[in-house]
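Work through the exercises below with the sequence and the model side by side. Try each task before reading its solution.

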Amino acid sequence: MSAQPVIIKEIFDAPIDKLWFALTNKEAFDKWYFDIDKFEPIVGFEFQFYGGSYLHRCKIVEIDTNQKIAYTWKYPIYEGDSLVTFELKEIEDILGNQTQLILTHEGVETFPPDDPNFSRTSFEAGWNEITRISLKNYIEGNLNEESKVE
């Protein structure tokens with residue numbers, strides 16, 4: 001049986017550049033993602049953060065401005081290598097600009113199978129919460145706040 005990546009698709013009521021900013025800006029991360037000391041959206045940049053009690057180490061491997069960012073996702077004291085990719089696609093409709101986010105997390109099956117925190121179900125739940133709740137609230141709530149100021 002071949003391993004299937006975790007894939008989350010979500011549509012945001014926001015232009016693509018707002019979503020790109022949220023995916024590539026350290027100050028934005030602090031509001032919806034993880035607390036990261038430093039982040040630069042350039043290939044080869046390495047960053048780390050704690051998610052729960054797990055240290056995550058990541059390295060950016062691909063950047064295509066306003067379209068895609070991909071980085072490795074590892075845990076230094078556990079076996080396994082994975083890749084997280086965020087892809088953005090602009091959707092134009094009569095209501096205004098929307099953006100589709102496609103998050104793909106490949107390689108989750110390479111992590112320790114005996115730890116339920118590394119199960120496919122755990123990754124799906126985590127990414128669903130991060131994208132469909134935290135990021136969505138940040139993006140759409142942030143836009144609403146900005147529109148009040150203007």
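Contact means heavy atoms within 4.5 Å. This is a predicted model, where local features need pLDDT of at least 70, side-chain atom pairs count only at pLDDT 80 or more, and totals for chains, interfaces and linings use all residues. Residues are numbered from 1 along each chain as its sequence is written, and side-chain values use heavy atoms, with hydrogens and water left out.

**Exercise 1. Phe 29**

Task: State which element holds Phe 29, then list its contacts beyond four places in sequence.

Solution:
- Step 1. Phe 29 sits in helix H2. Helices (H or I, at least four residues) and strands (E, at least two) are DSSP runs, numbered from the N terminus.
- Step 2. Neighbours within four places in sequence are set aside; Phe 29 then contacts Ala 22, Leu 23, Thr 24, Phe 34, Ile 36 and Phe 39.
- Step 3. Phe 29 has 1% relative accessibility, so it counts as buried. The cut-offs are under 20% relative accessible area for buried, over 50% for exposed, and partly exposed in between (1.4 Å probe, protein chains only).
- Step 4. Take Tyr 138, which is 109 residues from Phe 29 in sequence. Their C-alpha atoms are 9.8 Å apart.

**Exercise 2. Ile 36**

Task: Decide whether Ile 36 is buried or exposed, and locate it.

Solution:
- Step 1. Ile 36 belongs to the loop between helix H2 (26-32) and strand E2 (46-51).
- Step 2. Its relative accessible area is 0%, so Ile 36 is buried.
- Step 3. Not counting residues up to four places away, Ile 36 touches Lys 26, Phe 29, Asp 30, Phe 47, Gln 48 and Phe 49.
- Step 4. Ala 3 is 33 residues from Ile 36 along the chain, and 30 Å separates their C-alpha atoms.

**Exercise 3. The fold**

Task: Give the order of the elements from the N terminus and compare the radius of gyration with the globule rule.

Solution:
- Step 1. Count three helices and six strands in the protein chain.
- Step 2. Their order is β-α-α-β-β-β-β-β-α.
- Step 3. The radius of gyration is 16 Å, close to the 15 Å that the globule rule gives for 150 residues, so the chain is as compact as a globular protein of that length. The radius is taken over C-alpha atoms; the rule is 2.2 Å times the number of residues to the power 0.38.
- Step 4. Along the principal axes, the C-alpha atoms fill a box of roughly 50 × 35 × 25 Å.
- Step 5. Of the 150 residues, 43% are buried.
- Step 6. Among contacts between residues at least 6 apart in sequence, 49% join residues at least 24 apart.

**Exercise 4. The core**

Task: Name the residues that touch the most other members of the largest nonpolar core, then follow Trp 127 outward.

Solution:
- Step 1. A nonpolar core is a set of buried Ala, Val, Leu, Ile, Met, Phe, Trp, Tyr and Cys residues joined through side-chain atoms within 4.5 Å.
- Step 2. The largest such core has 40 residues; Trp 32, Tyr 33, Tyr 71, Trp 73, Phe 86, Trp 127 and Leu 135 touch the most other members.
- Step 3. Helix H3 (residues 120-149) gives this core its largest share, six residues.
- Step 4. Leaving out neighbours within four places, Trp 127 contacts Val 6, Ile 8, Tyr 33, Trp 73, Val 84, Phe 86, Leu 103, His 105 and Arg 132.
- Step 5. Ile 130 is also found in helix H3. Its relative accessible area is 14%, so Ile 130 is buried.
- Step 6. Beyond four places in sequence, Ile 130 touches Trp 32, Tyr 33, Phe 34 and Leu 135.

In soluble globular proteins, nonpolar side chains tend to be buried together.

**Exercise 5. Two strands**

Task: Find the strands of Thr 85 and Lys 9, and list the contacts of each residue.

Solution:
- Step 1. Thr 85 is part of strand E5 (residues 82-93). With 8% relative accessibility, Thr 85 counts as buried.
- Step 2. Outside four places in sequence, Thr 85 contacts Lys 68, Ile 69, Ala 70, Ile 102, Leu 103 and Thr 104.
- Step 3. Lys 9 is part of strand E1 (residues 6-12).
- Step 4. With neighbours within four places left aside, Lys 9 contacts Gln 100, Leu 101, Ile 102 and Arg 132.

**Exercise 6. Asn 66**

Task: State the sign of phi at Asn 66 and place the residue.

Solution:
- Step 1. Asn 66 is not a glycine, yet its phi is positive, about 65°.
- Step 2. Asn 66 lies in the loop between strand E3 (54-64) and strand E4 (68-74).
- Step 3. Its relative accessible area is 27%, so Asn 66 is partly exposed.
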